[in-house]
There are 2 protein chains.
Amino acid sequence: MTKPLIKTMEELSVAIGVSRPTLSRYFQDSKSVKASTVARIEQGLAQVEYVPNFFATRLNRKTRGIIGVIIPYLNDLFFTKLLQGIEVAAMEAGLTVITQCSHSDPAIEARAAETFMSMNVDGALVAPLGDHSDQAVHLRLKSRLPFVLMDSRPKTMPDVDFVGTNHRQSTGLITEYLCRVGDPPVFLAMPRVNFNALERETAYITTMQRLGFEPRVIGTQLLSENWHFEEHGEAVLDAEFGRGRLMESSILCANDRVAIGALHAASRHGLKPGRAEQGGLRIAGHDDYPLCPYMNPALTTVAQDTDAIGRKAVSRILQIIHGETDSETPELTLFDGALKLRESA
Amino acid sequence: MTKPLIKTMEELSVAIGVSRPTLSRYFQDSKSVKASTVARIEQGLAQVEYVPNFFATRLNRKTRGIIGVIIPYLNDLFFTKLLQGIEVAAMEAGLTVITQCSHSDPAIEARAAETFMSMNVDGALVAPLGDHSDQAVHLRLKSRLPFVLMDSRPKTMPDVDFVGTNHRQSTGLITEYLCRVGDPPVFLAMPRVNFNALERETAYITTMQRLGFEPRVIGTQLLSENWHFEEHGEAVLDAEFGRGRLMESSILCANDRVAIGALHAASRHGLKPGRAEQGGLRIAGHDDYPLCPYMNPALTTVAQDTDAIGRKAVSRILQIIHGETDSETPELTLFDGALKLRESA
DNA sequence: TCCTCCCTTTTACATGCGTAAACGTACAGG
DNA sequence: CCTGTACGTTTACGCATGTAAAAGGGAGGA
């Protein structure tokens with residue numbers, strides 16, 4: 001059961017009688033070696049314990065076969081879904097994904113970027129921290145390797161590749177829906193952890209104005225800077241409901257996690273959000289968080305196509321790597337959101 | 001703004017007039033170099049663009065400063081919380097964490113293990129896939145480097161370090177609670193994605209028997225092997241409620257995500273789970289999923305101490321690395337669960 | 001038989017840095 | 001003045017592979 005441990009390719013080559021360079025070629029692309037030799041190598045490999053050294057292979061190879069991903073926060077299913085899309089796409093392309101979480105800390109984000117540069121990764125995919133990100137870090141990454149921003153885009157970096165959701169369309173879509181089948185909604189803002197927070201707020205306002213309604217934003221007072229979205233949503237609406245306000249309003253939440261908190265506040269105050277035909281309170285979200293269908297009531301929302309975003313981000317990185325792009329003109333890819341009509345609005 | 005790019009430590013050493021070995025020492029531990037020299041190095045560093053090559057440093061260093069983590073599934077906040085605990089603890093210890101997700105696929109898990117061995121990581125932390133994991137892979141990892149299992153433990157690997165929750169205690173705790181303040185509960189099983197599924201079921205049964213009640217397990221029929229727990233919980237109870245059964249029962253779900261599905265099924269059938277004093281249906285879960293307080297009704301559950309598990313896993317790995325352990329006697333660390341009484345039971 | 005082609009081996013060098021030993025240098029204490 | 005110490009430098013080698021060029025060997029065709 002316990003096979004002899006072989007540490008270097010050199011040892012392996014003498015052990016199975018094949019030259020080391022041939023072994024090197026075999027491990028990189030077995031098809032570049034004659035079938036009979038492949039058979040001999042694999043027969044020998046089956047009888048020993050050996051794996052090529054990751055660092056030695058990467059040190060001198062032209063390409064690392066690695067892309068680095070930075071996400072700002074782990075405990076959010078939106079980012080795990082995005083990550084999953086990326087990993088699947090990368091796997092299909094034969095790339096190893098190294099993920100680092102910045103834990104909402106720009107210093108950690110900077111360190112992760114440093115790590116990627118020191119690894120000479122083939123490309124970096126970054127979901128930034130909003131204002132908190134050190135933009136110099138992003139610029140440094142961009143100047144040294146293929147670089148694509150995801151999810152949230154700083155206005156101050158216009159010439160960077162970006163993949164995300166068209167929040168003007170998505171937020172506009174649900175705002176229009178709410179206006180069409182009931183009272184025009186108020187907008188429950190989210191903590192300003194990234195640029196999307198403001199982008200959705202703006203999209204809401206312009207859509208309302210276009211439709212001839214008066215926009216109204218709430219929840220901007222106690223905007224903390226953390227990721228406790230549910231807590232925020234609940235606190236804001238608990239205060240409003242407690243004063244007898246907004247109890248029959250339409251409320252569009254900046255994201256689903258805020259909306260989940262909002263739903264809970266409603267429930268605590270004996271309110272039942274539902275479609276307009278039933279009259280009264282409506283609550284809607286944004287993102288299509290995986291748990292939306294299981295909320296009580298099930299949460300109406302706009303879906304972000306995280307899978308498409310992940311795939312596109314990877315394919316764009318591959319384009320840049322392969323030089324199939326005019327590096328001077330960055331690509332801006334925005335996917336549309338899709339309405340998910342459920343019970344809550 | 002654009003500093004000259006320096007690729008090797010050699011170049012750097014001539015650029016700032018310090019010998020390369022001294023630079024090497026500086027980058028590993030700046031305190032091992034005289035303060036005045038440190039100042040000179042850092043002054044020089046500020047004027048150029050240089051990071052030491054990750055692979056070259058790891059290739060020849062005695063220790064990699066890396067621990068590898070494998071989790072089975074990303075889109076589950078339990079694992080992201082666990083991962084966060086691990087990352088924080090590792091960061092404090094100065095270790096880099098490389099995380100790989102096996103996406104419920106034993107082949108991917110095996111590849112991740114292979115990667116870790118090829119990286120010669122200082123240790124590997126693995127949350128396994130239950131029966132689906134290839135145990136040979138785990139044994140191979142264990143034979144080659146410090147290895148600690150987390151979360152879910154195969155009975156067939158008794159002599160391996162493990163950190164997780166004492167499910168006998170935790171499940172017993174909530175079973176006792178439910179029995180004490182209302183009807184003895186039935187147990188709504190979860191898909192058998194890992195060993196915890198069965199462990200909790202067993203703990204439920206023995207607790208019921210000890211208390212002199214008749215155990216009853218439901219949801220074992222349509223047990224698929226995927227991670228769509230909410231869907232499972234909802235489907236099982238939808239079927240039961242549809243036949244007018246269990247509508248005033250106490251239902252202990254194998255985990256919170258199953259319970260979230262259960263809550264939704266109840267809501268769809270016009271049922272309102274609540275504490276026993278109100279009579280009727282009760283629903284409880286297990287894990288203390290972050291969204292539990294925001295469910296309608298808020299979900300009563302038992303909390304797993306993911307933070308403690310993550311920290312302990314890292315500290316155990318560090319113990320093994322530093323040889324402060326009798327490697328022959330593996331350590332089994334089980335943290336107790338804590339009741340979280342909310343509205344649903 | 002000879003030539004050619006394809007595959008493999010050999011040879012040689014490169015990658016960027018860790019590490020250890022020997023050596024040099026300056027400073028403080030005796 | 002001598003000596004010990006602390007810190008740096010120099011020198012030399014090692015790490016486990018990639019890569020390129022040249023050389024070798026066997027099979028097939030002319």
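A residue is called buried if its relative accessible area is under 20%, exposed if over 50%, and partly exposed in between (1.4 Å probe, protein chains only). By that yardstick, strand β2 of chain A is mostly covered, with five of its six residues buried. Strands here are DSSP runs of E with at least two residues, helices are runs of H or I with at least four residues, and both are numbered from the N terminus. The model is a predicted one, so local features need pLDDT of at least 70 and side-chain atom pairs count only at pLDDT 80 or more, while totals for chains, interfaces and linings use all residues. As for bookkeeping, residues are numbered from 1 along each chain as its sequence is written, chains are lettered from A and ligands numbered from 1 in the order in which they are written, and side-chain values use heavy atoms, with hydrogens and water left out.

Now for the sheet. Strands of a sheet pair through backbone hydrogen bonds, either parallel or antiparallel. Two strands count as paired here if DSSP finds at least two bridges between them. In chain A, six strands make an open sheet in the order β2-β1-β3-β4-β5-β11, and the pairing is parallel. β2 (96–101) and β11 (332–335) of chain A sit at the edges with a single partner strand each, so one side of each has no neighbour in the sheet. From one strand to the next, the twist averages 15°.

Going through the pairs, β1(A) and β2(A) share six bridges in the parallel sense, and A:V97 in β2(A) is the bridge partner of A:I67. Parallel β3(A) and β4(A) are joined by three bridges, with A:A124 opposite A:F147 in β4(A). Three bridges also link β4(A) to β5(A), again running parallel, and here A:M150 stands opposite A:V163 in β5(A). At the other edge, β5 (residues 161–165) of chain A is tied to β11(A) by four bridges, also in parallel, with A:F162 opposite A:L332 in β11(A). Helix α12 (residues 306–321) of chain A packs on the sheet, where it touches β1 (66–71), β3 (123–126), β4 (147–150), β5 and β11 of chain A; its direction makes about 170° with that of β5(A). Contact means heavy atoms within 4.5 Å. For the angles, axes are lines fitted to C-alpha atoms, for helices over the stretch in contact, and angles run from 0 to 180 degrees between N-to-C directions.

How does the chain get from strand to strand? β1(A), helix α5 (residues 77–92) of chain A and β2(A) form a right-handed β-α-β unit. A crossover is right-handed if, with the strands pointing away from the viewer, the path from the first strand over the helix to the second runs clockwise.

In a regular strand the side chains alternate between the two faces of the sheet. β4(A) shows this nicely: A:F147 and A:L149 point one way, A:V148 and A:M150 the other, and all are buried. Take A:M150, which counts as buried because its relative accessibility is 0%. Leaving out residues up to four places away in sequence, A:M150 touches ten listed residues' worth of surroundings, including A:V69, A:L82, A:I86 and A:A313. The C-alpha atoms of A:M150 and A:H138, 12 residues apart along the chain, are separated by 12 Å.

Away from the sheet, helix α3 (residues 35–45) of chain A has A:T37, A:V38, A:I41, A:G44 and A:L45 as its buried residues. Seen down the axis of α3(A), these fall within an arc of 130°, so they line one face of the helix. The arc is that of the directions from the helix axis to the C-beta atoms. On the other side of α3(A), A:A35 and A:Q43 are exposed. The buried residues pack against α1 (9–16) and α2 (20–28) of chain A.

Finally, the two chains. A rotation of 180° with 0.0 Å of shift along its axis superposes chain A on chain B, with an RMSD of 0.0 Å. That is the relation of a two-fold axis. Copies are superposed by least squares on the C-alpha atoms of residues with pLDDT of at least 70 in both. In chain A, the C-alpha nearest the axis belongs to A:F55, 2.4 Å from it. Of the interface residues of chain A, 100% are also interface residues in chain B, so the copies meet through the same surface. A:H264, in helix α11 (residues 256–268) of chain A, is buried, with a relative accessible area of 5%. Not counting residues up to four places away in sequence, A:H264 touches A:E234 as well as residues of chain B, among them B:P293, B:Y294 and B:E343.
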